[in-house]
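The following report concerns helix packing, sheet topology and domain layout in a protein chain. Please read it alongside the sequence and coordinates shown here.

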Amino acid sequence: MTSLLPGAATLGVLGGGQLGRMFVHAAQALGYRCIVLDPDAISPAGAVAEKHIKTDYLDSFGLAQLARDCDAITTEFENVPAVALETLAGMRTVAPAAAAVAVCQDRAVEKAHFEAAGVPCAPHAVISNEIELAAVDPGLLPGILKTSRMGYDGKGQVRVASAAELAQAWEGLKRVPCVLEQLLPLKFELSVLVARGADGQIVNFPVQQNLHRGGILAVTEVPAPDVPAEVEKLAIAAARQVAAALNYVGVLCIEFFWLEDGRLVVNEMAPRPHNSGHWTMNGADVSQFELQVRALAGLPLPEPRQHSASVMLNLLGDLWFSDEGGPTPPAWDRVLALPGTHLHLYGKADARHGRKMGHLNITAETPSGAHAVAVQAAAILG
Ligand code: ADP
Ligand code: MG
């Protein structure tokens, strides 16, 4: 593929959320024009792109318009209909490819891919009918029943301790295809971001240590404070292997569980920049969004260099409701008085509980320095 040179091309994004917005910002910094397709009249990415096509993802007129006006197209969320990507791929460069996104859209297919790539994942069973339900190995209990498709931020998941609970939970999930995973004793959750070019070049960011609250990412720390070097090496090698086996083009995030017994298993992957990589906007010399732009445009991918210890705090809408009443914005002036704080808000007008409103990156010379400022920031945020 020939490169789309900065300043002389238009990049398209399917999806208008915050990931699309930060992609657009990175693309515009390099001089690209951007067009976002998202059905919502108001969206974080649509508000900053040069153009916002407001149609459904399957609208043939909208897709044709996007293909006509863009030189290359990417997606900012994995649940965009694979057909939309396939349609676009017939007309333009599309990365990641529809086939790779399709793997990430289905937990059962995704797990099969991990196994085929030689990377261990949690013991599990696929449940898509009564027979598979009845045949579940009791050794998988207690477990977590997850819908195969459309799950995110812990949605579509039920913990089950017995065969009876499992049957009931599957009923509750309307008998859609599911995966039952053994409940694993997690020591820590980690993720690795890789970027891969169409020519097969792969680069990666360092291992990210993630803390989730209520199924939603809350904090990412890099370097990972509790992870020994040999576990980091394993995670990075596994992530690169998964991306290469998919023949993937673009930024891919692979999430891992590091278990109490020392094993490392892969959890899931996202075919796009990821919340756990937001620290790269301030803590590394190239951000995950710029790497996504470069991979899409066929530009060289530099090996990222982390220049600052980093902590990322996710800012959920709940922070707007910490006092009685509300919503009122947190005391950003006090937060930004702390050294090394970088605020990123996504331009969402209404704060709601559980809604991702922005993130705060904290950079410092040392991990303990970044951690100390994060504790102070969290105290102000309440
Ligand atoms: P989502 O797509 O919603 O992010 P995940 O599969 O990543 O779904 O699950 C959300 C969270 O639930 C994980 O980050 C982890 O904290 C917990 N979890 C998921 N699967 C397991 C498991 N097999 N054992 C223990 N905890 C799990
Ligand atoms: Mg997850």
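## Helix packing and sheet arrangement

In this predicted model, helix α1 (residues 18-29) packs against helix α10 (residues 288-297) at an angle of about 70 degrees, and their axes lie 8 Å apart. Because angles of 65 to 115 degrees count as roughly perpendicular, α1 is roughly perpendicular to α10. The crossing in which α1 passes α10 is right-handed. On the α1 side the contact is made by M22, F23, A26 and A27, and on the α10 side by F289, E290, Q292 and V293. Sorted by class, the contact of α1 with α10 comprises six nonpolar residues, one polar and one charged.

Turning to the sheet, four strands form an open arrangement in the order β6-β9-β7-β8, with antiparallel pairing. The edges are occupied by β6 (124-127) and β8 (157-160), each of which has a single partner strand, so one side of each is left without a neighbour in the sheet. Neighbouring strands of this sheet are turned against each other by 20 degrees on average, direction ignored. Strand β7 (residues 143-147) and strand β9 (residues 178-182) run antiparallel and are joined by five bridges, and I144 stands opposite E181 in β9.

Two helices lie across strands of this sheet, as tabulated below.

| Helix | Strands crossed | Angle |
|---|---|---|
| α5 (residues 107-116) | β6, β7 and β9 | about 50 degrees to β9 |
| α7 (residues 163-172) | β6, β7, β8 and β9 | about 165 degrees to β8 |

As for the domain layout, the domain assignment of the protein chain gives domain 1 (10-94), domain 2 (123-182) and domain 3 (186-381). The centres of domain 2 and domain 3, taken over C-alpha atoms, are separated by 29 Å.

Technical notes:
Residues are numbered from 1 along each chain as its sequence is written. Chains are lettered from A and ligands numbered from 1 in the order in which they are written. This is a predicted model: local features need pLDDT of at least 70, side-chain atom pairs count only at pLDDT 80 or more; totals for chains, interfaces and linings use all residues. Domain bounds come from an automatic or database domain assignment. Axes are lines fitted to C-alpha atoms, for helices over the stretch in contact, and angles run from 0 to 180 degrees between N-to-C directions. Helices (H or I, at least four residues) and strands (E, at least two) are DSSP runs, numbered from the N terminus. Angles under 35 degrees count as roughly parallel, over 145 as roughly antiparallel, 65 to 115 as roughly perpendicular and the rest as oblique. A crossing is left-handed if the near helix is turned anticlockwise from the far one by less than a right angle, and right-handed if clockwise. Two residues are in contact if their C-beta atoms, placed from the backbone, lie within 7 Å. Ala, Val, Leu, Ile, Met, Phe, Trp, Tyr, Cys and Pro count as nonpolar, Asp, Glu, Lys and Arg as charged, and the others, Gly among them, as polar. Two strands pair if DSSP finds at least two bridges between them.
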